[in-house]
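Work through the exercises below with the sequence and the 3D structure at hand, and try each task before reading its solution.

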Amino acid sequence: MSYPEFRYVAPQSVKEAVEILHRASEIGIKAKVLAGGTDLMVQLRNRATVPDLVVDISRITALQRIERMGNEIRIGPIVTHTMLASSDLIREYTGVLSEAAKTVGSPQIRNMGTLGGNIVNASPAADTIPALVILEADLILTGPSGERQLPVTDFFTGPYKTVIAPDEILMGIVVPLPPRSGRAVFLKLARRKALAIARMNLACMLYYNRQKEVFEWVRLCVGSSTPRPVRMTAAERALIGQPFSDKVLQSAGKAAAEQMVQLSGLRSSTAYKKPVVGDLIIRAVKLAVEKG
Ligand SMILES: Cc1cc2nc3c(=O)[nH]c(=O)nc-3n(C[C@H](O)[C@H](O)[C@H](O)COP(=O)(O)OP(=O)(O)OC[C@H]3O[C@@H](n4cnc5c(N)ncnc54)[C@H](O)[C@@H]3O)c2cc1C
């Protein structure tokens, strides 16, 4: 199968990229942003998208930084999964994102695929999204009328659907430093180990107070389980203030399964996913508590 024909531009700055996108949208030209191309090239080949213009942002080096600024880490959208997985800053403060990035595709996909592309593509199976949700990350979008910052959970409206306008680009991911007491786990279930898109994935971060023998705080997000990424608040509530026991873990697993069905309705995959979501939650919480 061949690729559709399109014009290609590679702007050198964010300002230039936004101007090109804005001009294109004003005159009715369909433009697509290209970062690593690991999603977009497949979509072009399948004719899932047929743009007139491809705007390659991969050479805008200002978008490839990972920096600590006060109590937050700012990540540029064209930071690749390989960079995320190997960054000391990410590993030390937001290790769950590093763990998620390590599981993406193959080395080649991790070398090309970017965090921004993973977010904007908005696949329900995207591995970095549950990690960003429990890290309570914000996204910065920039367009012709300036910048806007929004919580990552407000960005998605459904599978492969987001609030980004055709003349906006995602220009930054802001991750507040989580409390140092937190212990985090990322789990991924896939059909095969290598190159598999997640069937389901889960990010968990919690603090279990061993003196008081209770969960002080818990954050959970399960990918591919709800129409848009959300915190598993029912399971979080079932754990907070409770001791680490089989009974409490079982009730958290059950609460997560019920929340999933409530949000997604009954689907052909429910028979598989309902027990699995509960089991994933229990496994992740146990692993996080074992981390000390
Ligand atoms: C073989 C294979 C295996 C894979 N395995 C996994 C996996 O295990 N886990 C996983 O999560 N994903 C996986 N993927 C999907 C893909 O690699 C990731 O989603 C990757 O992070 C996409 O990033 P990219 O830079 O290649 O995005 P691109 O393909 O360049 O872009 C993706 C979409 O985002 C838009 N976009 C990109 N950056 C911006 C921006 N800054 N502003 C506005 N719009 C933007 C593009 O217009 C496009 O619509 C796999 C893909 C392949 C082909």
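**Exercise 1.** Decide whether Ser224 is buried or exposed, and say where Ser224 lies.

*Solution.* Begin with the rule, in which a residue is buried if 20 or more other C-beta atoms lie within 10 Å of its own, exposed if 12 or fewer, and partly exposed in between, with C-beta atoms placed from the backbone. Ser224 has 24 other C-beta atoms within 10 Å, and therefore Ser224 is buried. Next, find Ser224 in the loop between β13 (214-223) and α10 (233-239), where helices (H or I, at least four residues) and strands (E, at least two) are DSSP runs, numbered from the N terminus. Finally, look at the backbone: phi of Ser224 is near 60 degrees, a positive value in a residue other than glycine. Most residues other than glycine have a negative phi.

This is a predicted model, in which local features need pLDDT of at least 70 and side-chain atom pairs count only at pLDDT 80 or more, while totals for chains, interfaces and linings use all residues. Residues are numbered from 1 along each chain as its sequence is written.

**Exercise 2.** Classify Ala122 and Pro151 by their C-beta neighbours.

*Solution.* Ala122 has 20 C-beta neighbours inside 10 Å, so Ala122 counts as buried. Ala122 is placed in the loop between α7 (115-121) and α8 (128-134), and its phi, near 60 degrees, is positive although the residue is not glycine. Pro151, in turn, has 13 such neighbours inside 10 Å and therefore counts as partly exposed; Pro151 belongs to strand β7 (residues 146-151).

**Exercise 3.** How do α11 and α12 pack, and at what angle?

*Solution.* Helix α11 (residues 246-264) and helix α12 (residues 270-290) pack at about 140 degrees, with axes 8 Å apart; axes are lines fitted to C-alpha atoms, for helices over the stretch in contact, and angles run from 0 to 180 degrees between N-to-C directions. That angle makes α11 oblique to α12, because angles under 35 degrees count as roughly parallel, over 145 as roughly antiparallel, 65 to 115 as roughly perpendicular and the rest as oblique. The residues of this contact divide into 10 nonpolar, 3 polar and 4 charged, where Ala, Val, Leu, Ile, Met, Phe, Trp, Tyr, Cys and Pro count as nonpolar, Asp, Glu, Lys and Arg as charged, and the others, Gly among them, as polar.
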